[in-house]
Amino acid sequence: MFKHILVSLCLLSTTRVVAQERYDLVLEGGRVMDPETGLDAVRNVGIRGDRIVEISSETLSAVEVLNVAGLVVAPGFIDLHAHGQTNAANEYQAHDGVTTALELESGVVFLKEWIDSRRGNAILNFGATVSHGGTRFMDMKKYAATVAHIRSIIAEHGLDSPELDEAMRPAFASRYESLEPDELDGMAETLSSGIREGALGVGVTVGYYPGATRQEIFRAYAFAAKIGVPVYTHVRDPDIPAIQEAIANAAATGASLHIVHLNSMALGKVDVALEMIAAAQKQGLDITTELYPYTAGSTGIESTLFDEGWQEVWDMDYGDLQWEATGERLTKETFEKYRAEGGTLIIHMMKDDWIDAGMRAPFTLIASDGMPYAPLAHPRSAGTFSRVLGRYVRERKVLSLMDALRKMTLMPAERLDPVAPGMRLKGRVQIGCDADLTIFDPATVIDTADFGKELSFANGIPYVIVNGTFVVRDGKTVKDAFPGRPVLGKYRN
Ligand SMILES: [Zn+2]
């Protein structure tokens, strides 16, 4: 009965058409898998415009009938954690089955301008949180002149200009600086303006700005709780006390909390972290988490993660670091040279067992943490979802196919639903839902991207449909297809 009620949510927003009507597209004979209703059966799926309007065992006629026998028809994958917010990055993710790619960890600083810049020309659905890390310098009185300068440059040149990069530079030092108590009210106002522009929550990447006091971070959570949006956080340190700080802030303020990439935050203590999150959920707290299926992380070498003492904090050495631009492993000399220049690292610091433990927990989501496009970017940027389906489901049987799909579709949609009600039409293959669909071969789906190797498309995902439009067809990118739409928070003005 419960399932029936949920199914009708999609139906509410559409008029069901009778079976004899023609459809724009029919996906014929595929194995339809819907994690919410548990449907796992051969069905024909009728699509009109941007909606799924029929799911039936009957033969359906359409302008185009595509035979997908032997393939799984799944909800399009929803990636909560995608830093690559260009079409170059979207294309790799589309081939990995992603239909919605959101920047919720770091968030975006000038959200309105960013949404305007992508609207109408994005391959995938997109959206973001307001960036606490990126906006906090605006609340520091000492940067008032810098902020005024930045705003004038955006007004004149938009977001993509070398002038803007240059103007932002002085604000870099703020990561080691604390907001004064009398600046904390301003922080709430700055974050509010992002929420009013359509942000999906607050991105609190405190691990990248050690200057933030416990009070400042607590206040960021209190703000999110008051407004009713979730916090997405990269916690303060890769260790249990930092995860406890996040859980404590959520518990004390009532904020919804999503802890990003638990694998690289908990490291060898992933079992403890999972136990804590499960216990918090049992207490009724709205706390979720995610992981990616790789034993290496990736971030900027100039970030505070590589400040003095990083070897002890992360339990690793120079040889565990790989330079993205060339694929080389670092030495003391090359580390110092590159740190002065800046650029992206791939960091080999995790073990397979830790990833398996995270994958097995029923409440974890899959998210890529995909990086901005670069030829040798971390393979998670192109292979996260196909890798889970190929290696963790088919080859190693760490989790079932339906459980894996749930972590990629329904669970992220549910995470977003309270703040973005449109998400109840995504993450599902049901009548009335959005036609965001990923069609893959469970026998062959696999990632092909690897460390130190040029980024490459996943295999075994021949069709990907976003809002009723193919973005991948016969395994190839559809040229000039930009059906992606913004996913906006409900508090937008
Ligand atoms: Zn992170």
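Helices are DSSP runs of H or I with at least four residues, and strands are E runs of at least two, both numbered from the N terminus. The exercises below concern a predicted model.

**Exercise 1. State which helix holds Asn263, whether the residue is buried or exposed, and what it touches.**

Step 1. Asn263 is placed in helix α10.
Step 2. Its relative accessibility is 2%. Buried means under 20%, so Asn263 counts as buried.
Step 3. Leaving out residues up to four places away in sequence, Asn263 touches Glu290, Leu291, Tyr292, Tyr294, Met350 and Ile355.

**Exercise 2. List the donors of the zinc ion and locate the two histidines along the chain.**

Step 1. Glu105 (OE), His234 (ND1) and His261 (NE2) coordinate the zinc ion, at 1.7 to 2.3 Å.
Step 2. The spacing of the donor residues in sequence is E-x128-H-x26-H.
Step 3. His234 is in the loop between β10 (231-233) and α9, while His261 is in the loop between β11 (257-259) and α10 (262-266); the pair is 27 residues apart and links distant parts of the chain.
Step 4. His234 has 3% relative accessibility and therefore counts as buried. The value for His261 is also 3%, so His261 counts as buried.

**Exercise 3. Describe how the chain is divided into domains and quantify the contact between domain 1 and domain 2.**

Step 1. The division gives domain 1 (2-75 + 431-477) and domain 2 (77-134 + 174-420). Each domain is thus made of two stretches of sequence, as their bounds show.
Step 2. Taken over C-alpha atoms, the centres of domain 1 and domain 2 are 28 Å apart. To the contact, domain 1 brings 41 residues and domain 2 brings 43 residues.
Step 3. About 3200 Å² is buried between domain 1 and domain 2, and carbon and sulfur atoms give 68% of this area.
Step 4. Two salt bridges are counted between domain 1 and domain 2.

**Exercise 4. Find where the largest nonpolar core lies relative to the two domains.**

Step 1. This core has 128 residues, and Ile243 and Phe440 have the most contacts inside it.
Step 2. Helix α9 (residues 240-253) supplies the largest share, six residues.
Step 3. Domain 1 (2-75 + 431-477) and domain 2 (77-134 + 174-420) both contribute residues, so the core lies between them.
Step 4. Another core, of 20 residues, lies apart from it; among its members are Ile55, Cys433, Ala435 and Tyr463.
Step 5. For Phe440, neighbours within four places in sequence are set aside. Its remaining contacts include Leu71, Val72, Ala74, Phe77, Leu389, Leu401 and Leu405, as well as Val445, Gly460, Ile461 and Pro462.

**Exercise 5. Count the salt bridges in the whole structure, then work through individual pairs.**

Step 1. The search of the whole structure returns 27 salt bridges.
Step 2. Arg473 pairs with Glu64, with 2.4 Å between the closest N and O atoms. Arg473 belongs to strand β19 (residues 469-473) and Glu64 to strand β4 (residues 62-67), so the pair ties together parts that are 409 residues apart in sequence.
Step 3. Arg473, at 29% relative accessibility, counts as partly exposed, and Glu64, at 24%, also counts as partly exposed.
Step 4. Glu189 and Arg196 form a salt bridge at 3.3 Å, N to O. Glu189 is partly exposed at 45% relative accessibility, as is Arg196 at 32%.
Step 5. Asp447 pairs with Arg387, the closest N and O atoms being 3.1 Å apart. Asp447 is in the loop between β17 (437-440) and β18 (463-466), and Arg387 is in helix α15 (residues 380-395), 60 residues apart.
Step 6. With a relative accessible area of 4%, Asp447 is buried.
Step 7. Arg51, Lys426, Asp434 and Asp436 are joined into one network by salt bridges that share partners.

**Exercise 6. Locate Val487, decide whether it is buried or exposed, and list its contacts.**

Step 1. Val487 is in the segment after β20 (476-477).
Step 2. Its relative accessible area is 9%, so Val487 is buried.
Step 3. Val487 and Pro421 are 66 residues apart along the chain, and their C-alpha atoms are separated by 9.5 Å.
Step 4. Not counting residues up to four places away in sequence, Val487 touches Thr100, Leu102, Asn125, Phe126, Gly127, Gly198, Leu200, Ala420 and Met423.

Technical notes
Residues are numbered from 1 along each chain as its sequence is written. This is a predicted model: local features need pLDDT of at least 70, side-chain atom pairs count only at pLDDT 80 or more; totals for chains, interfaces and linings use all residues. Side-chain values use heavy atoms; hydrogens and water are left out. A nonpolar core is a set of buried Ala, Val, Leu, Ile, Met, Phe, Trp, Tyr and Cys residues joined through side-chain atoms within 4.5 Å. Buried means under 20% relative accessible area, exposed over 50%, partly exposed in between (1.4 Å probe, protein chains only). Domain bounds come from an automatic or database domain assignment. Contact means heavy atoms within 4.5 Å. A salt bridge is a side-chain nitrogen of Lys or Arg within 4 Å of a carboxyl oxygen of Asp or Glu. Donors are N, O and S atoms within 2.8 Å of the metal (3.2 Å for Na, K and Ca); water is not among the atoms, so sites may look incomplete. Buried area is the accessible area (1.4 Å probe) that two parts lose on being put together, summed over both.
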